[in-house]
Amino acid sequence: MSENIPSGYGGAAYKVLTVRTSEDTRAQLEVLAQLNERSVTEETGIALERWVDKSKSDPAVLRRAEQVRAEIEREAETKRNAIAAVLGSKPSTKASPRPTKQASQDA
């Protein structure tokens, strides 16, 4: 996906994404882009946006996202406490609740 970004994308910030795919998939994507009167870049972007939207409502993805968020919060708390110790401040008393298996099963 290293084509030039069309001018219709406005002032939004975009990053280049290179995707490796089979020749067959690429050929089908080119045909679909032609049929839809879009570029391969636009067609790929639309497909990726739809996949992201679909994934956001997948219960398994949502459960894993909560787990990752909890891990990030625990790591952040550890780092805050380490910085406080280095600076001679009191460590944070805010406890990050660790999700239990029962809590994650209820969700």
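# Glu 77 and the helices around it

Visitor: Why is Glu 77 called buried?

Guide: Glu 77 has a relative accessible area of 8%, and a residue counts as buried under 20%, as exposed over 50%, and as partly exposed in between, with a 1.4 Å probe and protein chains only; the value of 8% therefore places Glu 77 among the buried residues. The model is a predicted one, in which local features need a pLDDT of at least 70 and side-chain atom pairs count only at pLDDT 80 or more, while totals for chains, interfaces and linings use all residues. Residues are numbered from 1 along each chain as its sequence is written, and side-chain values use heavy atoms, with hydrogens and water left out.

Visitor: What makes the link between Glu 77 and Arg 80 a polar contact?

Guide: The side chains of Glu 77 and Arg 80 are joined at 2.8 Å. A polar contact is a pair of N or O atoms within 3.5 Å, where, within protein, one atom must be able to donate a hydrogen and the other to accept it, and residues adjacent in sequence count only if both atoms are side-chain atoms. The distance of 2.8 Å falls within that limit, and the pair is therefore listed as a polar contact.

Visitor: In which element does Glu 77 lie, and how do you know that the span of H3 agrees with what is expected?

Guide: Glu 77 has its place in helix H3, where helices are DSSP runs of H or I with at least four residues, strands are runs of E with at least two, and both are numbered from the N terminus. The expected span of a helix is 1.5 Å times one less than its number of residues, which for the 29 residues of H3 (residues 59-87) gives 42 Å, and the end C-alpha atoms are 42 Å apart, so the two agree. Along H3, Ala 70 and Ala 84 are buried together with Glu 77. At the start of H3, a side-chain oxygen of Asp 58 comes to within 2.9 Å of the backbone nitrogen of Ala 60, and after the helix comes Gly 88, with a positive phi near 80°.

Visitor: What makes Glu 66 and Arg 69 a salt bridge?

Guide: A salt bridge is a side-chain nitrogen of Lys or Arg within 4 Å of a carboxyl oxygen of Asp or Glu, and the closest N and O atoms of Glu 66 and Arg 69 are 2.6 Å apart, so the pair qualifies. The two residues are three apart in helix H3, which means that about one helical turn separates them. Glu 66, at 45%, and Arg 69, at 48%, are both partly exposed. Side chains of opposite charge can pair when their charged atoms come close.

Visitor: How many salt bridges does the structure hold?

Guide: The structure holds five salt bridges. Among them is the one between Glu 71 and Arg 64, at 3.5 Å from N to O, where Glu 71 is partly exposed at 32% and Arg 64 is partly exposed at 41%. Another of them joins Arg 26 and Glu 30, with the closest N and O atoms 2.7 Å apart; these two residues are four apart in helix H1, and about one helical turn therefore lies between them.

Visitor: How do you know that the span of H2 agrees with what is expected?

Guide: The 17 residues of H2 (residues 40-56) should span 24 Å at 1.5 Å a residue, and the end C-alpha atoms are 24 Å apart, so they agree. Val 40, Thr 41, Glu 43, Thr 44, Gly 45 and Ser 55 are buried in H2, and the buried residues of this helix pack against H1 (23-35) and H3.

Visitor: Which elements have the lowest and the highest mean pLDDT?

Guide: pLDDT is the predictor's confidence in each residue, from 0 to 100. Among the elements, helix H4 (residues 101-106) has the lowest mean, 52, and H1 the highest, 97. The protein averages 84, with 74% of its residues scoring at least 70. Over residues 1-5 the pLDDT stays under 50.

Visitor: How many helices and strands are in the protein?

Guide: The protein has four helices and zero strands, and buried residues make up 9% of its 107 residues.

Technical notes. Contact means heavy atoms within 4.5 Å.
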